[in-house]
Amino acid sequence: MAHVTTYMGFTIPLLLRSACRLCPAHSALVVLRHSASCYCTVNGTAQSKRKMDHLERTANNFRQEVISQAKVCGITSESETVKRLRLAVTNKDFTFKAGQWVDFFIPGVSVIGGFSMCSSPGLLEREGVLELAVKYADHPPARWIHTECTLDSEVALRVGADLHGYQESKGNGYKMGTVKLYYSAKNTNELLFKKNILGLMSALPGKISCRFHVTQQNSPICEELQPHVTEGRISEKDLEKHVSKDTLWYICGPPPMIESISQLLYNSGVHRNCVFFEKWW
């Protein structure tokens, strides 16, 4: 369960959200220019001595009234620790936007999960399905998905959101800004959706770029990824070249990573109002 991300109004953050909020071993940092229309969460601390339940953490967040039944129609392994769940949603009134999650109700499991969609709203509109990416954990909903969930398992979903300061694009049409993604994981096998990200970089040259950081790589890196991979953690030197008054910073990952990266940014002169992350723990 659990991860942290903030979103732009198009494809790449939707892919990253699941790879981050829901996958504690992964982390990502997205650098955006102001001209990108985005969904933002309020900057806050991630420090807590007691792990809160998903419903406690999100008690004050907006939720749609619609609770829809859904059936598992696909299960694939994105890595050794992450499963992608494909869900057929039965309620035609069920909708979501980039930047939202679902409350995940499992029959016979008293704990409610909170998972972010890794598919686009367009897939739901076209095919009536949505997808989640969930990393294995001892948290009951995540454990159920990895150990008990099967094709045709039935669950229920309710959309929630922590959307603040949404800035609609102005003028005639959407003006896309530029995005620099720093995405860190243990090794390249744990870089979820890397092919999707490479595809976006190819389709939108000059608009989207990415550096993959691996911290425990023990095998050769494939030729396709080599130009985009750095061995070692994301550093202050990596980030400081993008510091400007027109840059927004979105941090996704486990609490220690959020605290470390945000401090690097503050040390580089980034104003706290330009750094965003979700209060998910």
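Guide: A salt bridge is a side-chain nitrogen of Lys or Arg within 4 Å of a carboxyl oxygen of Asp or Glu. Keep that in mind here, and note that this is a predicted model.

Visitor: Which residues are linked in a network of salt bridges?

Guide: Side chains of opposite charge can pair when their charged atoms come close. In this model, such pairs join Glu78, Arg84, Arg86, Glu127 and Glu131 into a network.

Visitor: How many salt bridges does a search of the whole structure find?

Guide: The search finds eight.

Visitor: Let me start with Arg84. What does its side chain meet in a salt bridge?

Guide: One partner is Glu78, at 2.8 Å from N to O. Glu131 also bridges to Arg84, with the closest N and O atoms 2.7 Å apart. That second pair links distant parts of the chain. Glu131 lies in strand β8 and Arg84 in strand β5, 47 residues apart.

Visitor: Is Arg84 buried or exposed?

Guide: Compare the relative accessible area with the cut-off: buried means under 20%. Arg84 has 19%, so it counts as buried. Glu131 is buried as well, at 10%. Glu78 has 25%, so it is partly exposed.

Visitor: Now a pair outside that list. What does Lys245 form a salt bridge with?

Guide: Its partner is Asp246, and the closest N and O atoms are 3.5 Å apart. Lys245 is exposed, with 70% relative accessibility. Asp246 is partly exposed, at 33%.

Visitor: On to the nonpolar side chains. How many residues does the largest nonpolar core have?

Guide: In soluble globular proteins, nonpolar side chains tend to be buried together. Here the largest such core has 23 residues. Those with the most contacts inside it are Leu85, Leu87, Phe94, Phe104, Leu130, Leu132 and Leu157.

Visitor: Which elements give two or more residues to this core?

Guide: The strands are β4 (62–77), β5 (82–89), β6 (100–105), β8 (129–135) and β9 (154–161). The helix α4 (140–147) contributes too. A second, separate core has 21 residues, including Leu192, Leu200, Leu225 and Val229.

Visitor: Take one core residue. What does Leu132 touch, not counting residues up to four places away in sequence?

Guide: Its contacts include the nonpolar residues Leu85, Leu87, Val102, Phe104, Phe115 and Met117. Lys83, Arg84, Ser116 and Cys118 are also on the list. Arg84 therefore turns up twice: it touches Leu132, and it belongs to the buried residues.

Note on methods:
Residues numbered from 1 in each chain as written. Predicted model: local features only at pLDDT ≥ 70, side-chain atom pairs only at ≥ 80, totals over all residues. Heavy atoms only, no water. Core = buried A, V, L, I, M, F, W, Y, C linked by side-chain atoms within 4.5 Å. Buried < 20%, exposed > 50% of the residue type's maximum accessible area, 1.4 Å probe, protein only. Helix = DSSP H or I, 4+ residues; strand = E, 2+ residues; numbered from the N terminus. Contact = heavy atoms within 4.5 Å.
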